[in-house]
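Have the sequence and the model side by side. The tour below goes from definitions to strands, then to side-chain pairs and a few single residues.

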Amino acid sequence: DEFVMLGGALITVLGPRTPPAELNKSLGSVLPARLSDDSSGSASKGQRLIGEIQRDHPVFDIFKPVHHSYFMTTQFSRVIRSTPGESSEILIKLEDATPLLLARTIGKGRSLLFTSSLNMDWNDLPTKSVFLPLVHQMLKYSTSLFEEDKHYLVVGETVPLASPGSASPPLTETSATISRLCSCGMMLRSIVRRSGFCASAVAWV
């Protein structure tokens, strides 16, 4: 609770080994929805498609109309049913109105819940060209990187540097170019606060 309340980010992705009851007990206070003990749908009952996307939400800002068609043709064989909280948003629904992607703001932080898998176990989303951009957008939104006050660096970006304690604006001569970031992602975020550093977390279940 405290981590998210103070500005931390939580992304929870479900899958075949997800124990809903245990997840409700350990993360129920910060999840956007309460999980059902039974998963819904199976390959034998046929695939389901996405029925609705909140296109005006920041997560989908970068996607053009043609990209939405890629989402709408993604087939889902299984999800874990959930009951959204009153303060939660449903960003993606399946055609039977089952919530697929949910978001919730808790204090200064954000929590996202994806009720299917992010691999080929329960859907074919990873085969779509929108897959990685969607994951990046989820990360950006959960860590508040849509805010005007940037706290992240992109490869190739020029960053002005100033001497510690200097009150004058940074000089061009002291600029540096970010040529390499950690291999695990495109962006690096670090927020410095009086109490220390606030790091983002991603939970893969």
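A residue counts as buried under 20% relative accessible area, as exposed over 50%, and as partly exposed in between. This is a predicted model. With that cut-off, take Ser129 as a trial case. Its relative accessible area is 54%, so Ser129 is exposed. Ser129 is found in the loop between S8 and helix H4 (131-142). Its C-alpha atom is separated by 8.4 Å from that of His67, although the two residues are 62 apart along the chain.

Now the overall picture. The protein chain has four helices and 15 strands. It has 205 residues, and buried residues make up 40% of them. About 11700 Å² is exposed, and carbon and sulfur atoms supply 54% of that area. Take the contacts with a separation of 6 or more: 66% of them are between residues 24 or more positions apart.

Start with strand S1, residues 9-13. How many of its residues are buried? Five of its five residues are, and S1 is mostly covered. Both faces are covered. On one side sit Ala9, Ile11 and Val13, on the other Leu10 and Thr12, and all are buried.

S1 has a partner in strand S8, residues 109-114. The two pair in the parallel sense over five bridges. Ile11 has Leu112 as its bridge partner in S8. Val13 stands opposite Phe114.

Is S8 itself enclosed or open? Six of its six residues are buried, so S8 is largely enclosed by the rest of the structure. Gly109, Ser111 and Leu113 point one way from the strand. Arg110, Leu112 and Phe114 point the other way. All are buried.

S8 also pairs with S7, this time in the antiparallel sense, over six bridges. Ile106 stands opposite Gly109 in this pairing. S7 and S8 form a hairpin with two residues between them. Gly107 lies in the turn and has a positive phi of about 60°.

Arg110 deserves a second look. It is one of the buried residues of S8. It also lies over the face of Tyr141, at 4.1 Å from the ring centre.

Next, the aromatic side chains. The structure holds three aromatic pairs. Phe60 and Phe63 have ring centres 6.3 Å apart and planes at 45°, so this pair is tilted. Both Phe60 and Phe63 are buried. Why is the pair of Phe60 and Phe71 edge-to-face? The ring planes stand at 90°, with the centres 6.0 Å apart, and planes over 60 degrees apart count as edge-to-face.

The Phe60 and Phe71 pair also ties together parts of the chain that are 11 residues apart in sequence, because Phe60 lies in the loop between strand S3 (48-53) and helix H3 (65-72) and Phe71 in helix H3. Phe60 has a relative accessible area of 1% and is buried. Phe71 is buried as well, with a relative accessible area of 1%. Phe60, Phe63 and Phe71 form one aromatic cluster.

Helix H3 also holds Ser69. At 34% relative accessibility, Ser69 counts as partly exposed. The C-alpha atoms of Ser69 and Ile50 are separated by 9.9 Å, with their positions 19 residues apart along the chain as the separation.

Turn to charge. Side chains of opposite charge can pair when their charged atoms come close. A search of the whole structure finds one salt bridge. Which residues form it? Asp96 pairs with Arg48, and the closest N and O atoms are 2.7 Å apart. The pair links distant parts of the chain, 48 residues apart. Asp96 is in the loop between strand S6 (88-94) and strand S7 (99-106), while Arg48 is in strand S3.

How covered are the two ends of this bridge? Asp96 has a relative accessible area of 37%, so it is partly exposed. Arg48, at 12% relative accessibility, counts as buried.

Stay in the loop between S6 and S7, where Ala97 is also found. What is its phi? It is positive, about 75°, although Ala97 is not a glycine. At 46% relative accessibility, Ala97 counts as partly exposed.

Note on methods. Residues numbered from 1 in each chain as written. Predicted model: local features only at pLDDT ≥ 70, side-chain atom pairs only at ≥ 80, totals over all residues. Heavy atoms only, no water. Phe/Tyr/Trp six-rings, centres within 6.5 Å; stacked < 30°, edge-to-face > 60°. Buried < 20%, exposed > 50% of the residue type's maximum accessible area, 1.4 Å probe, protein only. Lys NZ or Arg CZ within 6 Å of the ring centre and 35° of its normal. Salt bridge = Lys/Arg side-chain N within 4 Å of Asp/Glu carboxyl O. Contact = heavy atoms within 4.5 Å. Areas by Shrake-Rupley, 256 points an atom, 1.4 Å probe, with all protein chains shown as cover. Pairing = 2+ DSSP bridges.
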